[in-house]
Amino acid sequence: MIVLGIETSCDETAAALVDGRRLLSSVVASQVEDHRKYGGVVPEIASRLHIQAALPVISAALERAGIGPEQVQGVAATRGPGLIGAVLVGLSLAKAFAAAREIPMIGVNHVEAHLAATLLLDDPPQYPYLGLVISGGHSDLYVVRSFEQTELLAKTLDDAAGEAFDKVGQMLGLPYPGGPEISRLAEHGDPRAFALPRPRLRSKDLDFSFSGLKTDVRRTVQALGDDLALRRADLAASFEQAVIDVLIDRARRGARDTGLNTLVVSGGVAANRALRRSLAELAQAQGLRLVLPPIELCTDNAAMVAAAGAVLLEAGRRSEPDLDAFASLAR
C-alpha cells in the first residue's frame, strides 16, 4: 500500500511516501533559520511557513518517488502532539488530499510515529520491546507489545531532554537549536569538568526530570561570569554527560525491571552521537539488542508518519473527516 505521510507538528514541513515497509522518498523543509533570530520556535510563524511549504514539499516527495498523486492509496498525517496551529496545517491538507482522491486517511500520534521509524529498517525490532522516545517535548519510556499496544512506564515531569538542551544552549550563548550546537561544542570539552546533578538518579520510579539540571547550569554560568567563554566547551560536555547518564540509567533499569532484551531509542535527541555511543556500550554490557533509526529518521520527518499510517491503514483503521488535532498528550 502506497501511503503519503505529512508531518507539520513543529518547525519542519515534511512529506514522505512508503510502499508497505519500503521508503520511497522523504523530503523535509526546515524552518530553523526563520526561528533562529527569536531563539526558539514562534508558533504563528511556524504555521504560516507550513502553509507556504506544504504543497511544494509534497510535490517534491512525489517526484522523488517517481509516482503521481493518482497512485497514492492512503494518507497519514500527524494529529498531535505539537503546536496546534502547525499540526492543523498538515492534518487539514491530508484530509483534503484524501477527499479529493477518495482514499482513506489516518491521523497519527507523533510520539508513536517516532517508534514506527524502526519499521523502515531492514531488520526491524520484534515485539515486545522497551521503547525510549527522547525529543524536544518528550522523554518517555514504554513497553511496546505491538504497534497499537503500548504501556507508558515513565514520563518527563518537567522539561524534556531536548527542551533542556535548547534552553541550556541559550544560556551558553549558542544558536538555536541548542542540541546539535551543544553536541558539537562538547566534543572539545571535558565531561568531568563540572559536577552537575543527575536528577532522580536514585528515585524508585523511572520518571525523568531535567529542570533541576538546567537550573544548576544557569547558576554555573552566572558564577563563571566573564570566564564562561573559556569554559563553555567543558560546561557543554558536562551538561551533555549528565543528561546521557540519566537516560542510560532509565534504559538500564527499564530493561531490568521488564525483562525485555530489545531496546528501541528514537526521537530527536537519539541523533546525539555521544548518547548513541553510550547506548551501544550499555547494550553490549547488558546483552541487549539496540535498535536506533538512522539520524535522518530520528529528527522530525514524515517517513515515520507514513510508516505508522501504513500499519494502521493496512489493519483497516480509518479517521473520519472531523478528526481533531491535539496539542499535548494527556498525562
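A cavity here is a set of grid points where a 1.4 Å probe fits but cannot get out. Keep that in mind, because a pocket is an open set instead. This is a predicted model. With a floor of 30 Å³, how many cavities does the count come to? The count is 1 cavity.

Let's start with that cavity. The volume is about 60 Å³. Who lines it? Going along the chain, we have Glu112, Leu115, Ala116, Leu119, Tyr127, Tyr129, Val144, Phe147 and Thr150. By class, that lining splits into 7 nonpolar residues, 1 polar and 1 charged. Helix H4, residues 110–116, gives the largest share, with 3 residues.

Stay on H4 for a moment. His110 lies in this helix. Is His110 buried or exposed? Its relative accessible area is 5%, so His110 is buried. Now set aside the neighbours within four places in sequence. His110 then touches Glu7, Ser9, Thr78, Gly80, Pro81, Asp300 and Met304.

Now the open space. The largest pocket holds about 1,500 Å³. Its lining counts 48 residues. Nearest the centre you find Ser135, Gly136, Gly162, Asp166 and Gly268. Which elements give two or more residues to this lining? They are strand S3 at 22–30, helix H5, and helix H6 at 178–186. H5 has the largest share, 6 residues. On chemistry, the lining divides into 16 nonpolar, 21 polar and 11 charged residues.

So much for the pocket side of H5. What about the packing? H5 covers residues 161–171. Buried in this helix are Ala161, Gly162, Ala164, Phe165, Val168, Gly169 and Met171. What do those buried residues pack against? They meet strand S7 (139–146), H6, helix H7 (211–224) and H8. Just after H5 comes Gly173, with a positive phi near 75 degrees.

Let me take the H8 partner in detail. Helix H8 runs over residues 228–258. H5 and H8 pack at an angle of about 170 degrees, and their axes are 11 Å apart. How do we class that? Angles over 145 degrees count as roughly antiparallel, and H5 and H8 are therefore roughly antiparallel to each other. From H5, the contact uses Ala161, Ala164, Phe165, Val168 and Met171. From H8, it uses Leu228, Phe239, Glu240 and Val243. The class count for this contact is 8 nonpolar, no polar and 1 charged.

A quick reminder on helix geometry. An α-helix has 3.6 residues a turn, so residues three or four places apart point the same way. Look back at the H5 list with that in mind: Ala161, Ala164, Phe165, Val168 and Met171.

Glu240 takes us to the last site. It is among the residues nearest the centre of the second largest pocket, along with Gln241, Ile244, Ala274 and Arg277. That pocket has a volume of about 190 Å³. In total, 14 residues line it. H6, H8 and helix H9, residues 273–286, each supply at least two of them. Which helix gives the most? H9 does, with 5 residues. The class split is 5 nonpolar, 4 polar and 5 charged.

To close, two links to look at on screen. H6 gives residues to the lining of the largest pocket and to that of the second largest. Glu240 sits in the H5–H8 contact, and Glu240 also lines the second largest pocket.

Methods:
Residues numbered from 1 in each chain as written. Predicted model: local features only at pLDDT ≥ 70, side-chain atom pairs only at ≥ 80, totals over all residues. Heavy atoms only, no water. 1 Å grid on protein atoms, 1.4 Å probe; cavity = no way out; pocket = protein on both sides within 12 Å on 5 of 7 lines; lining within 4 Å. Points joined across faces, edges and corners; volume = space filled by probe spheres on them. Helix = DSSP H or I, 4+ residues; strand = E, 2+ residues; numbered from the N terminus. Nonpolar A, V, L, I, M, F, W, Y, C, P; charged D, E, K, R; others polar. Axes fitted to C-alpha atoms, helices over the stretch in contact; angles between N-to-C directions. Parallel < 35°, antiparallel > 145°, perpendicular 65-115°, else oblique. Contact = heavy atoms within 4.5 Å. Buried < 20%, exposed > 50% of the residue type's maximum accessible area, 1.4 Å probe, protein only.
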